[in-house]
Amino acid sequence: MSTMRIMTAAALAAVFAVSTAWAQQPTQRVAGTLDKVEGNTLYIKSASGPVTLKLADNALVVARVKASAADIKAGDYVASGGVPQPDGTQKAVELRIFPETMRGNGDGHRPGWPGAPNGTMTNGAVGQTVTSVDGPVLTVKFKDGAVEKKLIVGPNVPVQRLEVSDRNELKAGAAVASAAATKQPDGTFTAARIDVGRGDVVP
């Protein structure tokens, strides 16, 4: 093989290795206040400084609306970050009510929720609800038939309802967040979903 061919092959291999490395970059949360919008590109003021986030052409825009535990009813699909209790229940730290079109997202119970020490995430359909001194206790069921989890929703737990919306929600001053943004080699981010808070709601 000629020197030129060897060099070309090495260069292509290097480009492929870099591309593959970036393709495997883990996602991260990006959040802040929307500064301006230019086409698919969002300019966000985050706690760590300005962030540029480019949305996919078919990106999902989800509005977050303030709600309460009283709005939760049997059959609703919910997601809750919580903390396990000695009796096996989960004490909610925050809770979101999903729209029907997002039913099944993240279904199940798992550790690793970063919102609290020993945090867990519980996504499932609400079954029976009973009242306790600590607040409503929801029985959350999973689609795979796994053991149900009981979720305590205290009076001070922030509850939000999610609504599938459109890009008209993306206005300067709005609080926005992308839970799964991918950092690009140039320092910008890309995402296939953006959540927007309505009113004083922070996603």
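A single aromatic pair is present in the structure, which is a predicted model. The pair is formed by Y77 and F98, whose ring centres lie 5.7 Å apart and whose planes meet at 55°, a tilted arrangement. Because Y77 belongs to strand β4 and F98 to strand β5, the pair ties together parts of the chain that are 21 residues apart in sequence. Both Y77 and F98 are buried. The two residues also stand opposite each other in the pairing of the strands, F98 being the β5 residue that faces Y77.

Strand β4 covers residues 77-84, and six of its eight residues are buried, so the strand is largely enclosed by the rest of the structure. Two pairings of β4 were identified. With strand β5 (residues 90-98), β4 pairs in the antiparallel sense over eight bridges. With strand β7 (residues 120-132), the pairing of β4 is likewise antiparallel and comprises six bridges. Within the latter, A79 has N123 of β7 as its bridge partner. Strands β4 and β5 form a hairpin with five residues between them, and in the turn G88 adopts a positive phi of about 95°.

The loop between β4 and β5 also contains T89. With a relative accessible area of 9%, T89 is buried, since residues count as buried under 20%. When residues up to four places away in sequence are left aside, T89 touches V83, P84, K150 and I152. The C-alpha atom of T89 is separated by 8.9 Å from that of V137, although their positions lie 48 residues apart along the chain as a sequence separation.

Strand β5 is further joined to strand β9 (residues 149-152) by two bridges, and these strands run parallel. In this pairing, Q90 stands opposite L151 of β9. Strand β9 is in turn joined to strand β8 (residues 135-141) by four bridges, the two strands running antiparallel. Here V140 has K149 of β9 as its bridge partner.

A second positive phi was found at N118, which has a value of about 60° although it is not a glycine. Most residues other than glycine have a negative phi. N118 is placed in the loop between β6 (108-111) and β7. In contrast to the buried T89, N118 is exposed, with a relative accessible area of 67%.

Further antiparallel pairings involve strand β11 (residues 175-183). Strand β1 (residues 27-38) pairs with β11 in the antiparallel sense over six bridges, and T27 has T182 of β11 as its bridge partner. Strand β11 also pairs with strand β12 (residues 189-197), again in the antiparallel sense, over four bridges. In that pairing V176 stands opposite V196 of β12. The hairpin of β11 and β12 has five residues between its strands, and G187 takes a positive phi near 95° there. Elsewhere, K36 lies over the face of Y43, at 5.0 Å from the ring centre.

For the chain as a whole, one helix and twelve strands were assigned. The helix comes first from the N terminus, and the strands follow it. Of the 203 residues in the chain, 38% are buried. Among contacts with a separation of 6 or more, 58% involve residues 24 or more positions apart. The exposed surface of the chain amounts to about 11,500 Å², of which carbon and sulfur atoms supply 56%.

The mean pLDDT of the chain is 87, and 88% of its residues reach 70 or more. Over residues 1-24, however, the pLDDT is below 50, and this stretch has four contacts in the model beyond near neighbours in sequence.

Note on methods: Residues are numbered from 1 along each chain as its sequence is written. This is a predicted model: local features need pLDDT of at least 70, side-chain atom pairs count only at pLDDT 80 or more; totals for chains, interfaces and linings use all residues. Side-chain values use heavy atoms; hydrogens and water are left out. Buried means under 20% relative accessible area, exposed over 50%, partly exposed in between (1.4 Å probe, protein chains only). Two strands pair if DSSP finds at least two bridges between them. Rings of Phe, Tyr and Trp (its six-membered ring) pair if their centres lie within 6.5 Å; planes under 30 degrees apart count as stacked, over 60 as edge-to-face and the rest as tilted. A charge sits over a ring if NZ of Lys or CZ of Arg is within 6 Å of the ring centre and within 35 degrees of the ring normal. pLDDT is the predictor's confidence in each residue, from 0 to 100. Contact means heavy atoms within 4.5 Å. Accessible areas come from the Shrake-Rupley method with a 1.4 Å probe; for residues, only the protein chains shown count as cover.
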